[in-house]
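Colleague: Please take a close look at a single part of this model, the part that you consider most instructive for a first-year student. I should be grateful for one connected account that also sets this part within the whole.

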Amino acid sequence: METIVVDVREPYEYSSGHYKGAINLPPAEIMSGAKKLAKVPKDAKIVLYCKSGARSNVAMVHLSRLGYTNLVNGINQDHVPRFL
């Protein structure tokens, strides 16, 4: 199963540079149901990151409430490769 990388920063931050292949899913979208992940299996490995790891940590809580079970806080885009 492939690993999904999710950048939880705001779109303007994502557009200034992001991990190759990362999906941009800012906090507002996560809190409104994370529709971009609708087709992702609930047990897929999802590595989330932001700038410092704080927003990605909060995003993990919300995604967990939506039923996702294999979530990893990737801290920031420089740390993501460690978790793939």
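Modeller: From the N terminus on, the elements of the chain follow the order β-α-β-α-β-α-β, with three helices and four strands in total. Helices (H or I, at least four residues) and strands (E, at least two) are DSSP runs, numbered from the N terminus. The model is a predicted one, in which local features need pLDDT of at least 70 and side-chain atom pairs count only at pLDDT 80 or more, whereas totals for chains, interfaces and linings use all residues. Residues are numbered from 1 along each chain as its sequence is written, and side-chain values use heavy atoms, leaving out hydrogens and water.

The part chosen here is the sheet, and in particular strand E3 (45–50). The four strands form an open sheet in the order E2-E1-E3-E4, with parallel pairing; two strands pair if DSSP finds at least two bridges between them. Strand E2 (23–24) and E4 are the edge strands, since each pairs on one side only.

Which strands pair with E3, and over how many bridges? Strand E1 (4–7) runs parallel to E3 and is joined to it by four bridges. Within this pair, Val 5 stands opposite Val 47, and Asp 7 faces Tyr 49. Strand E4 (residues 70–76) also pairs with E3 in the parallel sense, over five bridges; here Leu 48 lies opposite Asn 73.

The chain path between E3 and E4 passes through a helix: E3, H3 and E4 make a right-handed β-α-β unit. Right-handed has a precise sense: with the strands pointing away from the viewer, the path from the first strand over the helix to the second runs clockwise.

Is E3 mostly covered or mostly uncovered? Five of its six residues are buried, and E3 is thus mostly covered. Buried means under 20% relative accessible area, exposed over 50%, and partly exposed in between (1.4 Å probe, protein chains only). The edge strand E4 has five of its seven residues buried, so E4 is largely enclosed by the rest of the structure. Ile 75, found in E4, counts as partly exposed, at 28% relative accessibility. The phi of Ile 75 is positive, about 65°, although this residue is not a glycine.

E3 also contributes to the nonpolar interior. The largest nonpolar core has 17 residues, and those with the most contacts inside it are Val 6, Leu 37, Ile 46, Leu 48 and Leu 63. The elements that give two or more residues to this core are E1, E3 and helix H3 (54–65). A nonpolar core is a set of buried Ala, Val, Leu, Ile, Met, Phe, Trp, Tyr and Cys residues joined through side-chain atoms within 4.5 Å. A second, separate core of seven residues includes Val 5, Tyr 14, Ala 22 and Val 72.

With which residues is Ile 46 in contact, its neighbours within four places in sequence left aside? They are Ile 4, Val 6, Leu 37, Val 40, Tyr 68, Asn 70, Leu 71 and Val 72, where contact means heavy atoms within 4.5 Å.

The loops deserve a brief comparison with the sheet. Ala 34 is found in the loop between helix H2 (27–31) and E3; this residue is buried, with a relative accessible area of 1%. The phi of Ala 34 is near 50°, a positive value in a residue other than glycine. Pro 26 has its place in the loop between E2 and H2 and is buried as well, with a relative accessible area of 5%. Residues up to four places away in sequence not counted, Pro 26 touches Asp 7, Val 8, Arg 9, Glu 10 and Pro 11.

Finally, the whole chain may be considered. Buried residues make up 40% of its 84 residues. Among contacts between residues at least 6 apart in sequence, 60% join residues at least 24 apart. The C-alpha trace spans about 30 × 25 × 20 Å along its principal axes. A compact globule of 84 residues would have a radius of gyration near 12 Å, and the chain agrees with this, at 11 Å. That radius is taken over C-alpha atoms, and the globule rule is 2.2 Å times the number of residues to the power 0.38.
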